[in-house]
Amino acid sequence: MPPALLTCLPLLGACEGHLTLDLAASPADDIARVEIALSTIELLGSDGGTTRIDPVDEQAFNLLAYTGDDTRRIADADGDVSGRFVGLRLRFDDEDAYVRTASGASVPLELLSAGEYADLELDLDDTDSVALVAAVDLRFSLIDRVADLGVWQLVPVTRVVKADGWGTIAGTVDADTLGDGDCRDGRSVGRGVAVYVYPGLDVVPTDYHDSGSVVNLDQPVASAPVAQDSSGLWRYTINYLEPGYYTVAWTCEGDAEHPREDDDLVFQARANALVAAAATTPVDF
C-alpha cells in the first residue's frame, strides 16, 4: 500500500511527510565535466513564500555523472516540508566550480544567476510521501564566455517531474541525412546534431533564447545529443518529460546554441509525439 494511504496519527508523531528529490542532467556539446556544489533547494509556495531544503550533500560533484538513467539524491526531507508548491529552484554554489571541455581544458564556472523556478504542482502534508526528479538541461544552461571573460557561466534551466510519473521520447536519426554535406558543414559526422522537445503540437522549432529581458515564446523544454551506438545507428533519448503532447525536432547546429542569444538555428524536420507516464514514445527521423 502506498505510504500516503497508510493510517497515521499526526498528533502522536506516528507519521510524517516525506519528500525526496533526485537530480539528473542532459549534456552539452564538447563538455566532459561540470564540477559544482549545491547549496540549497527552494520550493515556491502558492502564496509566494519560499521554503528552503538543505541538500543531502554540499560537496562538489560532476553534473555529467548523472545523465541517462543515473540520478543523484540531493534532498531527503522528513516532516520538514508541507504546503502547496508551484515552483522549484536549485541554488548552486560556484566556489571552485569549473567546466572541463572535451579537449581537456579546465575553465572556471561562474553562476550568472539562479535561474527561474521550474513549474511544479505539489500538495504536501504530514501524511504524504512524494519523490521528485529535477533535470538540468546543460545545453540551455551553460554559456561560453571564455573568449571575453575567461569563464563559462551557468543559468540553470530545470524541469521537475514526479519520480513515478514521467515518460521518455527516444529514437533514431537517418544516417544518410545526418552525414550529408549540408548537415556536416565541414565538421565530423554527428557533431552538433541534437534533438529538441517543445510542449504542444505543431510548434515551429527554434533555439533556446533567454537574454534576461527577451524570452523566446516557444522555448524548448529539453534536448539531447544524437550519438552513434555500437550497431551504427544514430540514437537519442530524452527522459523526465511530463505526460502530454510535444513537438520533437532535430538540428545539425546544436553546437551553436547560445542560451542568451537568438542563434537562428536551422531544424531539419519535426514530428508530434504523445508522452505517457512510465512509457517510451518512439520518434524516428
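Which side chain is joined to that of Asn239 by a polar contact of 2.7 Å? In this predicted model, the partner is Thr168, whose side chain meets that of Asn239 at this distance. Asn239 belongs to strand S17, which spans residues 234-241. With a relative accessibility of 10%, Asn239 is classed as buried, because the limit for that class is under 20%. The side chain of Asn239 also has a polar atom 3.3 Å from the backbone oxygen of Gly68. The buried Asn239 is therefore in contact with the side chain of Thr168 and with the backbone of Gly68.

A second buried polar residue is Asp128, placed in the loop that links strand S8 (118-124) to strand S9 (129-137). Asp128 takes part in no salt bridge, and the nearest side chain of opposite charge, that of Lys162, is 8.8 Å away. A salt bridge would require a nitrogen and a carboxyl oxygen within 4 Å. The side chain of Asp128 instead reaches a backbone atom, the nitrogen of Asp125, at 2.8 Å.

Side chains of opposite charge can pair when their charged atoms come close. The model contains 13 salt bridges. One of them links Asp30 to Arg191, with 2.7 Å between the closest N and O atoms. Asp30 sits in the loop between strand S1 (18-26) and strand S2 (31-45), while Arg191 sits in the loop between H4 and S14, so this pair ties together parts separated by 161 residues in sequence. Both ends are partly exposed: Asp30 has a relative accessible area of 37%, and Arg191 has 35%. Asp30 and Arg191 also belong to a network, built from salt bridges that share partners, which includes Arg187 and Asp255 as well.

The salt bridge between Glu42 and Arg52 has its closest N and O atoms 3.4 Å apart. Glu42 is part of strand S2 and Arg52 is part of strand S3 (residues 50-53), so the pair ties together parts that are 10 residues apart in sequence. The two ends of this bridge fall into separate accessibility classes, since Glu42 is buried at 1% and Arg52 is exposed at 56%. A further salt bridge is formed by the side chains of Arg235 and Asp229, at 2.7 Å from N to O. Here Arg235 is partly exposed, with a relative accessible area of 40%, and Asp229 is likewise partly exposed, with 27%.

Other charged residues are gathered on the surface. Asp54, Glu58, Asp76, Asp78, Asp80, Asp93, Glu95 and Asp96 make up a negative patch. At least two of its residues come from each of strand S5 (72-78) and strand S6 (83-101), and S6 contributes the most, with 3 residues. Asp80 is located in the loop between S5 and S6 and is exposed, at a relative accessible area of 63%. Strand S6 also holds Ala97, which is buried at 7%. The C-alpha atoms of Ala97 and Leu111 are 9.0 Å apart, with a sequence separation of 14 residues.

A nonpolar surface patch consists of Leu201, Tyr245 and Leu274, which together have about 310 Å² of accessible area. Within this patch, Leu274 is a residue of strand S19 (residues 267-275) and is partly exposed, with a relative accessible area of 46%.

Two aspartates have positive backbone phi values. Asp185, although not a glycine, has a positive phi of about 50°. Asp185 is located in the loop between helix H4 (181-184) and strand S14 (194-199), and its relative accessibility of 60% places it in the exposed class. For Asp202, also a residue other than glycine, phi is positive and near 55°. The loop that contains Asp202 runs between S14 and strand S15 (222-225).

Gly232 occupies the loop between strand S16 (227-228) and S17. Gly232 is partly exposed, at a relative accessible area of 29%. The C-alpha atoms of Gly232 and Ala175 are 8.6 Å apart in space, whereas the two residues are 57 positions apart in sequence.

How values were computed:
Residues are numbered from 1 along each chain as its sequence is written. This is a predicted model: local features need pLDDT of at least 70, side-chain atom pairs count only at pLDDT 80 or more; totals for chains, interfaces and linings use all residues. Side-chain values use heavy atoms; hydrogens and water are left out. Helices (H or I, at least four residues) and strands (E, at least two) are DSSP runs, numbered from the N terminus. Buried means under 20% relative accessible area, exposed over 50%, partly exposed in between (1.4 Å probe, protein chains only). Lys and Arg count as positive and Asp and Glu as negative; His and the chain ends are not counted. A polar contact is a pair of N or O atoms within 3.5 Å; within protein, one must be able to donate a hydrogen and the other to accept it, and residues adjacent in sequence count only if both atoms are side-chain atoms. Patches are made of residues with over 30% relative accessible area and no salt bridge: like charges are joined within 9 Å, nonpolar side chains (Val, Leu, Ile, Met, Phe, Trp, Tyr) within 5 Å. Accessible areas come from the Shrake-Rupley method with a 1.4 Å probe; for residues, only the protein chains shown count as cover. The place of a charge is taken as NZ of Lys, CZ of Arg, CG of Asp or CD of Glu.
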